[in-house]
Amino acid sequence: MDALVLQALNGLDKGGAYALIALGLTLIFGTLGVVNFAHGALFMLGAFCAVTMQKILTLSKQIEDTSVTFFKAFKEVPYLEIWLGDTGRMLIDYSVPIAILLTIPFMLLVGLVMERGLVQFFYKRSHAEQILVTFGLAIVIQEIIKSVFGANPIPTPAPDVVSGSADVGAWIGFGDGLYYPYWRLIYLGFSLTIIGAVFAFLRFTTFGMVVRAGMQDRETVGLLGIDVQRRFTIVFGIAAVVAGLAGMMYTPILPPDYHMGMDFLVLSFVVVVVGGMGSLEGAVLAGFLLGILQSFASMNEVKAIIPGIDQIIVYLVAVVVLQVRPRGLLGRRGVMEG
Amino acid sequence: MTIFDRNVNRRRLLQGGVAVTAGLAAPNFFVKGAWAEEFRNNPGNAKSIKLGFNVPQTGAYADEGADELRAYKLAVKHLNGEGDGGMMNTLKPSSLKGNGVLGKKVEYVTGDTQTKSDAARASAKRMIEKDGVIMFSGGSSSGVAVAVQSLAQEMGVIFMAGLTHSNDTTGKDKKRYGFRHFFNAYMSGAALGPVLKEEMGTDRRAYHLTADYTWGWTQEESIKNTTEGLGWQTVNAVRTPLGAGDFSQYITPVLNSGADVLILNHYGKDMVNSLTQAVQFGLRDKMVNGKKFEIIVPLYSRLMAQGAGENVKGILGTTNWHWSLKDEGSQAFVKSFGQEYGFPPSQAAHTCYVQALLYANACEQAGTFYPPEVIKALEGFEFDGMGNGPTLYRAEDHQCFKKVLVVRGNENPTNQFDLLEVVKEVPREAVTYDWKIFGGELGPYKV
C-alpha cells in the first residue's frame, strides 16, 4: 500500500509539470490556433532563470586556496557571503524561490517578443508550417543556452530547510516509514496553485471572459469592438510565464540542461492530444492522469507482467484515446475529428 | 631475335634475381622501422601526425568528456616538448623524446560522441576518412567504446579507449585494434568485495538500479557475483534508461522492497541524479532489517562527487585513479594538470592522458606508425610510473592490469577537491583474472 501511495505522489508530481506545460500549449492553441513547438524551450528558459539567479547571487571573489599544495588553486567566495555573512548565505540558499522575481518578468517579455516578433506571421499558415518554425525557434533557443551555460546539467538545489523528506505516512495515518521529499510536495502544491490561478483568471476577470469568448468565436468578439488580438498576445505571454515557472521550480528535482525542454515537450503534446486540443480542463486532467499512469507502470509488479511498459504507456494511451475518441478526453466536438 | 644476351643462362638469372631481392629488402633489414607496407593514413614524409579525440561533449557523460579533452590537450603539449612534461618524465621504460612522435609534431582533431554509439561511430569515421587521424581515443561510454572499437578494427586504425568500464570492451567484444588502460566491472567487484564484507557484513539484501546498456549489465553482473559470494541476497535488479533524469519512479519501489543496500550501477549525470534523488527520498536515514540503509556506487569519480555534493559523503565505490595518490607519476600529472587548468584531473582525464602517452611510446618503440607493429609493442608491455604502480598491458585481451582503488565520499574534506578518500589500494594480483572467462576474439593484425 505504501508503494502505491508513493507512486501516486510521484505521478501527481510529474503530472504537475506535464499539466503546466500542456496548459500553456492549450492556451496558445485555443486562442491563437498556433501549435507551439517552442513551448518546451520556454520551460527550459524558466529553469535557466533559476540558474541565472543562482549565478547572480553567487558572484564570487577568487581567493587563493592555500590548502592545495600541488599547484596554485583558487576558491570562489561569493560577495554576498563576504558582505552579509549569514544573511548572504541564506539568500544564496534560497536562490530557486527568489528566482521567481526574475522568471515572471523575463518570461512575460520572452512570450510577448516571441508572439509579436515571429509567431504572429504564421497565424494564417498551416499547422505543419507553424510546427516547423516554432521547432526551429526551439533549437535556436537551445543552442543559445548551450553556448552561454554549456551542455552539462547545472545543480540547482532547493533551500536546505526543504531538502530532506517529509514523513507523509504520519500525516495521512499510514504510520512510519512513508517518506516523500519536501520539494516534490512543494512542487505539487505549486503546480496546483498555478493551475488554479490560471483558471480563476480566465473565469473571474473581465480579461479572462473576453479571452474565453474569443476562444469560442473570435470574429463576433471582434465585431463588438474588442481588440481580441492584443489580449491573445498577452495570453501568449501568460502561457510563457506558466511554462517558465514550471521549469524554474523543477530545477531542484532535475538539474537543468539545455535539452530538458525537448524531453518534456513531446510528452506534453501527448498530454494535450489526450486531454483534447484546446481544452484547458482536458490538459490538466490528462497531465495528472498520464503522470500517474506512467508512475504506476514503473512498478516492478507491473513491469513483471508487461516488460518495458513504463516507457510506452503514455503513447499507448494516446493511441487508444485517438482511436476511440479522436477529440480527446474533454475536447470540443469537431476538433481533430472527421 | 632475342632480348637476352647469349651468355645469360638460367643460373645467372637466378643469381641476379636473388641479388635484386636482397637489395630491395636491405632497407627493411638494416633500417629499424622502415616498413614497406602501406597503411591507412600513413603520415609518410609529413612533418606532423594527427590524433583524433572523440569524447562526449554533450549527453549524460559530458563532464567526463570535457575533462578527457583537457587531458588529451595536455598530453599533446607534453609529447611536443612543451610544458613540464608531466608523466613523460616518470614513465618507465620510456622511449619518448619530447619531440613529437618519431620526430613528427603531434596535432589533433576533436569530435563529440554525444554519448551515443551511432554519433560516435560517425564522428570517428569522419576523423579517419576526412581528417586522416593515425590513432583515435576517447570515452566515456562502454556502448560507444565497443561500437568505435569495431570500426577501428574494420578500418585498421588503432583505438586507445578512454573511460570504459564494461567487461565486454576487453571481453567478448575485444578487438586487436582496441586497447583499454581503464579498469573494468569485474575488477571493481573483486576490489570492493572484501571491503563490503568488512564494513557491512555477510547478511545484506541488495537492490540494483542499473543503466540499461552494456556497461550497466556487466557491472550489475560482476557486483552481484561478488555480493552473492559474500552471502548477500539480491532483492531486485531494475534497468533504467540511460539519461533518465528523474529516477523517482525507480527509487520509490526500493523503499518497501525489504532491501537494506541500494547499488547504483549508474555513472556521470545519471549517478548524480539517482544518488541525489535517493538521498532526497530519505534512503540514507532509513533503518531496514535492523541495519542502517547503505548506498553503494561501484564506479565513481571526483567529478560525480562534485555534482552530487553532500550526498556522496560516506558512500563506497571504486575508482581507477585518484589525484591524491602520492606516487611520483600521479604527483607529476596532478601538478602539470593543476597548473594548466586550476583544478586536479579526474580519473577519466588520467586514463586518457596515459593512453595518449602509451600509444606514442609504442610508436617510438616500434620505430614506425604501422599499426600491426605498434600493436605488438603495446601487447604485453610492462610499465610503471603512470600513477597505478606496475602495470601490464595484457597481450591476450588488451586489458591493463594494475592496482584498483576503493574509495569513500569524504566526510571531512580538507579542501574543495578533497571529495573522495582512498580506503584501500587493492593490489594488481587481487583483481587479475583469466582472460578466457569473457570469451571473444581479438581478430587479425593486418586488416
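In the helix α7(A), the residues A:Q130, A:T134, A:L137, A:A138, A:I141, A:Q142 and A:I145 are buried. This is a predicted model, and the briefing below follows that helix to the second largest pocket, to whose lining α7 (127-149) of chain A supplies at least two residues, before turning to backbone features of chain B.

**Helix α7 of chain A**

- Among the elements that cover the buried residues of α7(A) are α2 (39-57), α6 (100-117) and α13 of chain A.
- An α-helix has 3.6 residues a turn, so residues three or four places apart point the same way.
- At 1.5 Å a residue, the 23 residues of α7(A) should span 33 Å, and because the end C-alpha atoms of the helix are 32 Å apart, the expectation and the model agree.
- Just after α7(A), the backbone at A:G150 takes a positive phi of about 85 degrees.

**The second largest pocket**

- The second largest pocket holds about 1,200 Å³ of space, and of the 45 residues that line this pocket, the closest to its centre are A:D263, B:L242, B:G243, B:A244 and B:G245.
- Helices of both chains contribute to the lining, with at least two residues each from α1 (2-32), α7 (127-149), α13 (260-275) and α16 (309-324) of chain A, and likewise from α4 (142-155), α7 (248-255) and α8 (268-280) of chain B.
- The largest share of this lining, 6 residues, comes from α13(A), a helix that is also among those covering the buried residues of α7(A).
- Sorted by class, the lining of the second largest pocket comprises 20 nonpolar, 15 polar and 10 charged residues.
- Within chain B, domain 1 (48-182 + 323-402) and domain 2 (186-319) both give residues to the lining of the second largest pocket, and therefore the pocket lies between them.

**Backbone features of chain B**

- The peptide bond from B:K92 to B:P93 is cis, with omega near -5 degrees, and B:P93 has its place in the loop between α2 (62-79) and β2 (105-112) of chain B.
- B:Q114, although not a glycine, has a positive phi of about 60 degrees; this residue is found in the loop between β2 and α3 (117-131) of chain B, and B:Q114 is partly exposed, with a relative accessible area of 33%.
- B:H398 is likewise not a glycine and has a positive phi of about 60 degrees; B:H398 lies in the loop between β14 (391-393) and β15 (400-401) of chain B, where the residue is buried, with a relative accessible area of 0%.

Conventions:
Residues are numbered from 1 along each chain as its sequence is written. Chains are lettered from A and ligands numbered from 1 in the order in which they are written. This is a predicted model: local features need pLDDT of at least 70, side-chain atom pairs count only at pLDDT 80 or more; totals for chains, interfaces and linings use all residues. Side-chain values use heavy atoms; hydrogens and water are left out. On a 1 Å grid over the protein atoms alone, a cavity is a set of points where a 1.4 Å probe fits but cannot get out, and a pocket is an open set with protein on both sides within 12 Å along at least five of seven lines; lining residues have an atom within 4 Å of a point. Grid points are joined across faces, edges and corners, and a volume is the space filled by probe spheres set on the points. Helices (H or I, at least four residues) and strands (E, at least two) are DSSP runs, numbered from the N terminus. Ala, Val, Leu, Ile, Met, Phe, Trp, Tyr, Cys and Pro count as nonpolar, Asp, Glu, Lys and Arg as charged, and the others, Gly among them, as polar. Domain bounds come from an automatic or database domain assignment. The expected span of a helix is 1.5 Å times one less than its number of residues. Buried means under 20% relative accessible area, exposed over 50%, partly exposed in between (1.4 Å probe, protein chains only). Contact means heavy atoms within 4.5 Å.
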